[in-house]
Amino acid sequence: LAVTETSDNPVFYVQYSYARICSMLAKAKAEGFDVDSLGNEDVDLSLLTNPAELALIRKMMELEEQIELAIEKLSPHNLTHYAIDLAKTFTAFYRDCHVINAENPQLTRARLYLCLSAQIALAKVLGLLGINAPNTM
């Protein structure tokens, strides 16, 4: 299981989620969305009302608490469980929400910002676990 490159392997699954976000951001950039300025410009996050969007936001908000728990309890396995849960939550968001929508650029920007935030959270937890975050797979 540890060497398989399928969704049954938790490491591969989390890395694949990270790579999927990289691919999605590159596609959005190719379609003319200014992905590079997402963190520097105001994005209307009030447009994020879909339950899958809100679940992803809630899951990302747990990151700091999970890091503190892992440190206080000397239990790094909490981070592995969190990484898997975050990847699953992102996958549900990706399945339920069409991110790039030329007809609604403001919603697209909000969802891209959400993707960028998930990418940062995944990279952080993978880094803490000593696992690389590949841009492509």
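Author: Exposed means over 50% relative accessible area, and buried means under 20%. Keep in mind that this is a predicted model.

Reader: Okay, then why is Leu-74 called exposed?

Author: Its relative accessible area is 73%. The cut-off for exposed is over 50%, so Leu-74 counts as exposed.

Reader: And where does Leu-74 lie?

Author: Leu-74 sits in the loop between α3 and α4. Its backbone has a quirk too: phi is positive, about 50°, although Leu-74 is not a glycine.

Reader: What makes a positive phi worth pointing out?

Author: Most residues other than glycine have a negative phi.

Reader: Let's go inside. How do you know that Phe-90 counts as buried?

Author: Phe-90 comes out at 0% relative accessibility. Buried asks for under 20%, so Phe-90 makes the cut. Phe-93 is buried as well, with a relative accessible area of 0%.

Reader: Why is the pair of Phe-90 and Phe-93 called tilted?

Author: Take the distance, then the angle. The ring centres are 5.7 Å apart, and a pair needs centres within 6.5 Å, so these two rings do pair. Their planes stand at 50°. Under 30 degrees would be stacked and over 60 edge-to-face, with the rest tilted, so tilted is the word for this pair.

Reader: What separates Phe-90 and Phe-93 along helix α4?

Author: About one helical turn, because the two are 3 residues apart in α4.

Reader: How many aromatic pairs does the structure hold, and what do ring pairs link into a cluster?

Author: There are 3 aromatic pairs. Phe-90, Phe-93 and Tyr-94 are linked into a cluster by ring pairs.

Reader: Which residues have the most contacts inside the largest nonpolar core?

Author: Leu-56, Phe-90, Phe-93, Leu-112 and Cys-115, in a core of 40 residues. Two or more core residues come from each of α1 (10-30), α2 (51-61), α3 (63-72), α4 (77-96) and α5 (105-128). The most come from α5, with 11 residues.

Reader: What does Cys-115 touch?

Author: Leaving out residues up to four places away in sequence, Cys-115 touches Ile-21, Met-24, Leu-25, Phe-90, Phe-93 and Val-99.

Reader: Why would nonpolar side chains be found together?

Author: In soluble globular proteins, they tend to be buried together.

Reader: How do you know that Leu-79 counts as buried?

Author: Leu-79, in helix α4, has 7% relative accessibility. That goes up against a limit of under 20%, so Leu-79 counts as buried. Beyond four places in sequence, Leu-79 touches Gln-66, Ile-67, Ala-70, Val-125, Leu-128 and Leu-129.

Reader: Why does Ala-87 count as buried?

Author: Ala-87 is another residue of helix α4. Its relative accessibility is 0%, and the cut-off is under 20%, so Ala-87 counts as buried. Its contacts, with residues up to four places away not counted, are Tyr-13, Val-14, Ser-17 and Leu-122.

Reader: Now a polar residue: what makes Gln-15 count as buried?

Author: Gln-15 is at 11% relative accessibility. With buried set at under 20%, Gln-15 qualifies. The residue belongs to helix α1 and touches Ile-131, Asn-132, Pro-134 and Met-137, not counting those up to four places away in sequence.

Reader: And why is Cys-22 called buried?

Author: The relative accessible area of Cys-22 is 15%. The limit is under 20%, so Cys-22 is buried. Cys-22 is also in helix α1, and its contacts past four places in sequence are Gln-119 and Asn-135.

Reader: Last topic, the largest pocket. What is it lined by?

Author: Arg-20, Ser-23, Met-24, Lys-27, Glu-31, Tyr-94, Cys-97, His-98, Val-99 and Ile-100. With 4 residues, α1 gives the most to that lining, and the pocket holds about 200 Å³ of space.

Reader: How many nonpolar, polar and charged residues does that lining have?

Author: By class, 5 are nonpolar, 2 polar and 3 charged. Asp, Glu, Lys and Arg count as charged, so Arg-20, Lys-27 and Glu-31 from the lining fall in that class.

Technical notes:
Residues are numbered from 1 along each chain as its sequence is written. This is a predicted model: local features need pLDDT of at least 70, side-chain atom pairs count only at pLDDT 80 or more; totals for chains, interfaces and linings use all residues. Side-chain values use heavy atoms; hydrogens and water are left out. A nonpolar core is a set of buried Ala, Val, Leu, Ile, Met, Phe, Trp, Tyr and Cys residues joined through side-chain atoms within 4.5 Å. Buried means under 20% relative accessible area, exposed over 50%, partly exposed in between (1.4 Å probe, protein chains only). Contact means heavy atoms within 4.5 Å. Rings of Phe, Tyr and Trp (its six-membered ring) pair if their centres lie within 6.5 Å; planes under 30 degrees apart count as stacked, over 60 as edge-to-face and the rest as tilted. On a 1 Å grid over the protein atoms alone, a cavity is a set of points where a 1.4 Å probe fits but cannot get out, and a pocket is an open set with protein on both sides within 12 Å along at least five of seven lines; lining residues have an atom within 4 Å of a point. Grid points are joined across faces, edges and corners, and a volume is the space filled by probe spheres set on the points.
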